[in-house]
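The following paragraphs lead through the fold of one protein model. The account begins with a single strand and proceeds to the sheet around it.

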Amino acid sequence: MKIKYDFHLHSCLSPCGDNDMTPYNLVNMAKLMGYDIIALTDHNSCLNCPAAIKAGEQAGITVVPGMELCTAEEIHTVCLFPTLEKALDFSKYVKTTMPQVENDENIFGNQYIMDETDRILGSEEILLTTASGISIDDVVGKVTEFDGAVFPAHLDRASYSVLSVLGFMYPEMNFTCAEFTHKAYIPQYEEKHKLLKNMKHLRNSDAHYLENMLEASETIDLPECTPQAVVNYILGK
Ligand SMILES: [Zn+2]
Ligand SMILES: [Zn+2]
């Protein structure tokens with residue numbers, strides 16, 4: 001069945017995410033905008049996924065637990081998991097690889113952890129936008145250990161994308177899927193980077209503010225509207 005998706009959204013846990021981007025608000029906005037399934041992908045953390053999944057259950061929209069992982073090379077990658085448990089385990093692991101730099105809320109913004117009713121449960125104290133210790137060569141293998149799937153983020157952006165940082169991709173990265181913004185003209189990228197021709201393509205919003213969320217338009221074909229089906233789709237299973 002055709003599923004309307006957005007697999008790259010930030011909540012108030014991301015320091016650059018708006019404080020109004022609460023799990024409750026973003027899930028309900030996605031529902032209003034016509035999505036069947038979304039993923040919550042904060043920078044280097046999955047700690048608002050429990051709230052987003054609960055809010056999704058109440059609103060009637062599927063939420064995939066995820067993370068936008070910043071690799072050691074400062075390349076952004078979107079990691080999605082079949083279960084909350086796996087996502088939280090991965091989140092715990094990623095934290096052990098990060099520099100233990102404290103977040104200065106006045107400079108970088110708040111990193112709120114919330115429940116599904118917008119109650120603040122606490123804040124993540126380590127700055128989440130630093131590079132993790134996981135390299136671009138290891139990211140697929142590492143995410144696979146946690147039963148997830150990963151794709152390089154916003155390929156057509158001038159910063160923090162694999163093409164802006166390295167200028168190219170190589171087969172050993174083992175990516176099966178790549179993300180573009182809604183503005184990208186993908187054939188132009190396929191022409192230059194032949195690997196893309198054998199990869200799936202997704203277009204996500206990467207919204208950090210409620211007003212940056214887009215009306216649902218992109219679809220993928222899934223046998224069922226579940227996180228596991230999304231992981232399988234990305235892996236080509
Ligand atoms: Zn990014
Ligand atoms: Zn992002």
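How many bridges join β1 to strand β2, and do the two run parallel or antiparallel? Three bridges join β1 to β2 (residues 37–43), and the two strands run parallel. The model is predicted: local features need pLDDT of at least 70, side-chain atom pairs count only at pLDDT 80 or more, and totals for chains, interfaces and linings use all residues. Residues are numbered from 1 along each chain as its sequence is written, while chains are lettered from A and ligands numbered from 1 in the order in which they are written.

Helices (H or I, at least four residues) and strands (E, at least two) are DSSP runs, numbered from the N terminus; two strands pair if DSSP finds at least two bridges between them. Within the pairing of β1 and β2, L9 has L40 of β2 as its bridge partner. Between these strands the chain passes through helix α1 (residues 23–32), in a β-α-β crossover that is right-handed (clockwise from the first strand over the helix to the second, with the strands pointing away from the viewer).

Strand β1 also pairs with β10 (residues 219–221) through three bridges, here antiparallel, and K2 stands opposite D221 in β10.

These strands belong to an open sheet of six, ordered β7-β4-β3-β2-β1-β10, with mixed pairing. Because β7 (149–152) and β10 stand at the edges, each with a single partner strand, one side of each lacks a neighbour in the sheet. The partner of β7 is β4 (residues 76–80), joined to β7 antiparallel by four bridges; there V78 stands opposite F151.
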